[in-house]
Amino acid sequence: MKPVPIRYLRATTVDEAVTALARYGLDAKVLAGGQSLMPMLNMRLARPQVVVDINEIRDLMEIRYDPNARQLVVGALVRHQQLLESSLVHAHQPLLSAAARYIGHWAIRNRGTIGGSVVHHDPSAEWPLVTACLGAEFHVQGPQGRRVIPAADFFVTYLTTAVQAGELLTAVVIPCLGPGESWGFQEYARRHGDFALAAAAVTVTLSDGVVTAARIAVGGVADRPVVLSEVTQHVVGQAPTAQLEVQLGQWVYDAVNPLAESPDEQAYKRDIAAVLVRRAFRQAINRQPAGQ
Ligand SMILES: Cc1cc2nc3c(=O)[nH]c(=O)nc-3n(C[C@H](O)[C@H](O)[C@H](O)COP(=O)(O)OP(=O)(O)OC[C@H]3O[C@@H](n4cnc5c(N)ncnc54)[C@H](O)[C@@H]3O)c2cc1C
């Protein structure tokens with residue numbers, strides 16, 4: 001199929017894009033990498049009157065390191081492949097490059113953007129999971145001005161976020177790894193490049209052989225990424241032993257409540273989530289420098 005007739009507008013600044021989006025409201029769609037929007041237009045699942053192409057807005061294309069706040073400021077138009085390859089990302093938040101490897105195939109990574117992925121919000125996608133795990137902030141500009149949305153409020157449900165009609169996501173601000181902090185990322189899909197059946201992102205901080213802080217999140221098991229704060233509380237204060245890992249798996253199994261068509265499928269998804277978190281936790285511990 002082909003899209004319904006659409007008016008095409010090209011914005012070269014954020015203000016131009018916001019003006020066009022505000023003018024057409026729900027009848028307008030932003031065109032970023034087009035890797036989700038174009039199939040939806042072709043299948044007529046989306047029927048906007050106008051698309052606002054943001055691919056020439058240079059301000060949205062950069063990854064910047066803010067050493068004072070210890071954050072990466074990632075422009076909404078940064079491609080998946082850029083995040084995979086960036087030396088700033090490798091140095092300051094390598095969990096992002098690890099997750100980017102799992103996104104689709106090269107052609108999709110080369111065009112698709114972090115902004116498009118988080119606003120599209122497929123709950124099995126990598127960026128919603130990783131940004132939720134790390135407690136990212138989302139910078140949005142609209143006709144009423146700018147606002148910052150914390151990850152906990154950003155992902156609402158399937159294909160729905162807190163970004164309103166007329167607003168443009170401009171940047172995703174992501175905390176960097178702290179001292180003594182390491183990370184793990186695990187994903188299970190039927191074939192490499194498919195959306196995940198489930199995925200897990202974990203960060204762990206160790207001091208004197210004890211976990212002093214952790215973040216644990218799972219994707220693909222609910223209508224949005226699930227940050228397992230209560231499970232994290234059980235882990236903090238403990239030594240990362242094999243026994244703790246077994247317990248961790250059980251805590252995750254009990255904490256997640258995947259939507260499924262049968263009890264067997266639900267148990268299967270819980271099992272996958274538990275195994276992936278255990279493995280990601282182990283990865284994080286193995287990355288710790290000796291003596292932590
Ligand atoms: C075959 C295939 C396999 C894929 N596999 C994976 C996978 O394994 N993992 C994964 O995560 N993704 C996967 N994807 C999706 C891909 O990552 C897309 O790039 C991503 O979902 C959307 O990003 P985009 O830049 O292409 O956005 P677009 O398709 O251009 O836009 C997506 C939506 O976001 C809106 N939007 C885009 N940017 C902004 C902005 N700055 N502000 C406000 N709204 C905005 C658009 O209006 C649209 O509604 C796959 C896609 C395909 C076609």
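This text leads the reader through two parts of the structure, a group of paired strands and the surroundings of a ligand. The model is predicted.

A convenient starting point is strand 12, which covers residues 198-207. Of its 10 residues, 9 are buried, and strand 12 is therefore largely enclosed by the rest of the structure. A residue is called buried here if 20 or more other C-beta atoms lie within 10 Å of its own.

Strand 12 has partners that can be traced one after another. Strand 11, made of residues 181-188, pairs with strand 12 in the antiparallel sense, over 8 bridges. Within this pairing, Glu181 stands opposite Thr205 of strand 12. Strand 12 also runs antiparallel to strand 13, residues 210-219, and 9 bridges join the two. Here Leu206 has Val211 of strand 13 as its bridge partner. Strand 12 and strand 13 form a hairpin with 2 residues between the strands, and in this hairpin Asp208 takes a positive phi near 50 degrees.

The second part concerns the ligand. There are 27 residues around the ligand, of which Gly33, Gly104, Gly112, Gly116 and Ala125 come nearest. The elements that supply two or more residues to this shell are strand 2 (28-31), helix 2 (37-42), helix 7 (114-120) and strand 10 (168-175). Helix 7 gives the most, with 5 residues. By chemical character, the shell consists of 14 nonpolar, 11 polar and 2 charged residues.

Where does the ligand lie with respect to domain 1 and domain 2? Both domain 1 (7-53) and domain 2 (62-175) give residues to the shell around the ligand, so the ligand lies between them.

Conventions:
Residues numbered from 1 in each chain as written. Predicted model: local features only at pLDDT ≥ 70, side-chain atom pairs only at ≥ 80, totals over all residues. Buried ≥ 20, exposed ≤ 12 C-beta atoms within 10 Å, placed from the backbone. Helix = DSSP H or I, 4+ residues; strand = E, 2+ residues; numbered from the N terminus. Pairing = 2+ DSSP bridges. Near = placed C-beta within 6 Å. Nonpolar A, V, L, I, M, F, W, Y, C, P; charged D, E, K, R; others polar. Domains from an automatic or database assignment.
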